[in-house]
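Student: Could you take me through one part of this model up close? I'd like the cut-offs spelled out as you go.

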Amino acid sequence: MKPPIRATVLLAIVAALTVQSVGAQSPVDRAKVLRAAADALGMVRWSDIGSATTRLPGIDIVNTMEFQGSGTSESAGRAVKTEYHVALGYNPPAMRVEMTRTGPDGGAAQHVIHTVRENYAWDESEMGAGLVPGKGTATPAIAALQERLLELWTLPYGVIKAALAAGEKTTVSTEGGATVMTFPLSGPLAGITVKATLGSNNLVTRVETRPDNPARVNLATQTEYSNYADRGEVLTDIKSPGHIVRRQGGRTLLDMEVKAWESNDPYLVFPVPPNVKAAATANSR
């Protein structure tokens, strides 16, 4: 298995965007497109001082983030009202999605926590479940690993990081007057191709994923992003989408209005419970 995409590698790749000789494509320059997309999100800080080989590199400032929203999610084939709290990080790649769904027909609300980190996926009965004896239950969710990682890497920031990591495998084209980036994912998501469309302001507006194996149809998704703004309690010039819609095979899995998006270095950790590690090891044998 190839190693997962790591943010430490991405920092060096982002730095390469300051060099204008990077694999230009006609009619669109790949390096310029990637830099414009990163700049539009506000996820990179550039020195732009010095000249030639003395120019300092750019720095990717997006790692850990939290956001909250409300809307609907699919549950048993129905769209139900849902409150979201999402925490994520890219070094290591990890994501925790906490959802409280209104019970169907007025029943009790359903509260779930879905977590993923690198090659591990699990559900938590409460935050930090399974790490301390007597504190909640962590249930391995091995089959959900790829779907959960895909959510992380198809967020606008993950798209830019993954496109940079793909290097020359990333292609840039124009479709219907819009700029489109196409690139393969790696690690546990190898075999999946991402097609990301940029709006006129260079922000990611649509992300499509296509698996090379028809049996992985659950990894064929379409996600739309709109209404970007700086939603941090402390403004950082990092733009985040205000509306997220994710679909799969004509079904709407998620329709969320974002209330707040904190990118100002929230402290987040994603330790893997011992029983989740043991289950993943047993499954790999």
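Tutor: Sure, let's take helix H2: nine of its 12 residues are buried, so H2 is largely enclosed by the rest of the structure. Buried here means under 20% relative accessible area, with exposed over 50% and partly exposed in between (1.4 Å probe, protein chains only). Before going on, the ground rules: this is a predicted model, where local features need pLDDT of at least 70, side-chain atom pairs count only at pLDDT 80 or more, and totals for chains, interfaces and linings use all residues. Residues are numbered from 1 along each chain as its sequence is written, and side-chain values use heavy atoms, leaving out hydrogens and water.

Back to H2, which covers residues 30–41. Helices (H or I, at least four residues) and strands (E, at least two) are DSSP runs, numbered from the N terminus. From first C-alpha to last, H2 reaches 17 Å, close to the 16 Å expected at 1.5 Å a residue; that expected span is 1.5 Å times one less than the number of residues.

Who's buried in H2? The list is Arg30, Ala31, Val33, Leu34, Arg35, Ala37, Ala38, Ala40 and Leu41. As for what covers them, the cover includes strand S1 (44–45), helix H4 (156–165) and strands S9 (171–175), S10 (178–184) and S11 (192–198). Contact, by the way, means heavy atoms within 4.5 Å.

Now the two ends. At the N-terminal end, Asp29 acts as the cap, with a side-chain oxygen 3.0 Å from the backbone nitrogen of Ala31. That fits the polar-contact rule: a pair of N or O atoms within 3.5 Å, where within protein one must be able to donate a hydrogen and the other to accept it, and residues adjacent in sequence count only if both atoms are side-chain atoms. After H2 comes Gly42, whose phi is positive, near 75°.

To put H2 in context, the protein chain has five helices and 15 strands. Of its 285 residues, 46% count as buried. Residues 24 or more positions apart account for 50% of the chain's contacts with a separation of 6 or more.

For a look at one of the strands, try Val245 in S14 (residues 243–248). Val245 counts as buried, at 6% relative accessibility. Its C-alpha sits 4.5 Å from that of Asp255, 10 residues along the chain. Setting aside neighbours within four places in sequence, Val245 is in contact with Gln222, Thr223, Glu224, Thr252, Leu254 and Asp255.
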